[in-house]
Amino acid sequence: MKTGLVIDDIEDITISVELFFQANGMEIFSSETLKEGLEIIHENNLSFILTDLHLPNLDENALISTLKEATQVPIFVMTGGNKEINEFNIPEAIKKLDVSDIFIKPLDYEHMLKKITEHID
């Protein structure tokens, strides 16, 4: 069974993503903070991480580098978008952040499942 971690400070998002992936046969852990997420990483054998790019009191580069130091699994990013990351420049943003893929909110769950599954199978 594939196992993932969802990190987002908005509980409604973590719950909806968790329920969607569980309904599609995955075991999902969720966290509202990077600190809690790191504990889950160290305690479990994960297949992937899906994190919000904008967590409180943490810039995106520190977030991604901290996760990369903690694990070698693919890292996927969710974001509401901004000037630097939007639907038109996702390939450049993926390369800049060195992540597996980026998903713009509101999330297209089926697309997200397809892309994540492609990376972890």
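Buried means under 20% relative accessible area, exposed over 50%, and partly exposed in between, with a 1.4 Å probe and protein chains only. The model is predicted: local features need pLDDT of at least 70, side-chain atom pairs count only at pLDDT 80 or more, and totals for chains, interfaces and linings use all residues. Residues are numbered from 1 along each chain as its sequence is written, and side-chain values use heavy atoms, with hydrogens and water left out.

**Exercise 1. Accessibility of a loop residue**

Determine whether Gly 80 is buried, partly exposed or exposed, and state what it touches.

Solution. Step 1: locate the residue. Gly 80 is found in the loop between β4 and α4; helices (H or I, at least four residues) and strands (E, at least two) are DSSP runs, numbered from the N terminus.

Step 2: apply the cut-offs. The relative accessible area of Gly 80 is 53%, so the residue is exposed.

Step 3: list its partners. A contact means heavy atoms within 4.5 Å. Not counting residues up to four places away in sequence, Gly 80 touches Ile 104 and Lys 105. From C-alpha to C-alpha, Gly 80 and Lys 105 are 4.8 Å apart in space, although 25 residues separate them in sequence.

**Exercise 2. The sheet**

Give the strand order of the sheet, and state which strands are its edges.

Solution. Step 1: two strands pair if DSSP finds at least two bridges between them. The open sheet has five strands in the order β2-β1-β3-β4-β5, with parallel pairing.

Step 2: identify the edges. β2 (27–31) and β5 (101–104) each pair on one side only.

Step 3: describe the turn between strands. On average, neighbouring strands of this sheet are turned by 20° against each other, direction ignored. Axes here are lines fitted to C-alpha atoms, for helices over the stretch in contact, and angles run from 0 to 180 degrees between N-to-C directions.

Step 4: examine two pairings. β1 and β2 are parallel and share five bridges, and Leu 5 stands opposite Phe 29 in β2. β3 and β4 also run parallel, joined by four bridges, with Ile 49 opposite Ile 75 in β4.

Step 5: add the helices. α2 packs on the sheet, where it touches β1, β2 and β3, and its direction makes about 145° with that of β2. α5 packs on the sheet as well, touching β3, β4 and β5, and its direction makes about 170° with that of β5.

**Exercise 3. Two residue environments in the strands**

Describe how β4 is covered, and how Ser 31 is placed.

Solution. Step 1: five of the five residues of β4 are buried. Ile 75, Val 77 and Thr 79 point one way from the strand, and Phe 76 and Met 78 point the other way.

Step 2: Ser 31 lies in strand β2. Its relative accessibility is 2%, so Ser 31 counts as buried.

Step 3: not counting residues up to four places away in sequence, Ser 31 touches several residues, including Leu 5, Asp 8, Thr 14 and Glu 36.

**Exercise 4. The nonpolar cores**

State how many residues the largest nonpolar core has, and which elements supply it.

Solution. Step 1: a nonpolar core is a set of buried Ala, Val, Leu, Ile, Met, Phe, Trp, Tyr and Cys residues joined through side-chain atoms within 4.5 Å. The largest one has 23 residues, and Leu 5, Ile 41, Ile 49, Ile 64, Leu 67, Val 99 and Ile 102 have the most contacts inside it.

Step 2: at least two residues of this core come from each of β1 (3–7), α2 (34–43), α3 (60–70), β4 (75–79) and α4 (90–97).

Step 3: another core, of 17 residues, lies apart from it; Val 17, Met 26, Phe 103 and Ile 120 are among its members.

**Exercise 5. An aromatic pair**

Classify the pair formed by Phe 20 and Tyr 109.

Solution. Step 1: rings of Phe, Tyr and Trp (its six-membered ring) pair if their centres lie within 6.5 Å; planes under 30 degrees apart count as stacked, over 60 as edge-to-face and the rest as tilted. The structure holds five such pairs.

Step 2: the ring centres of Phe 20 and Tyr 109 are 5.2 Å apart and the planes stand at 45°, so the pair is tilted.

Step 3: Phe 20 belongs to helix α1 (residues 11–23) and Tyr 109 to helix α5 (residues 109–120), 89 residues apart. Phe 20 is buried at 15% relative accessible area, whereas Tyr 109 is partly exposed at 25%.
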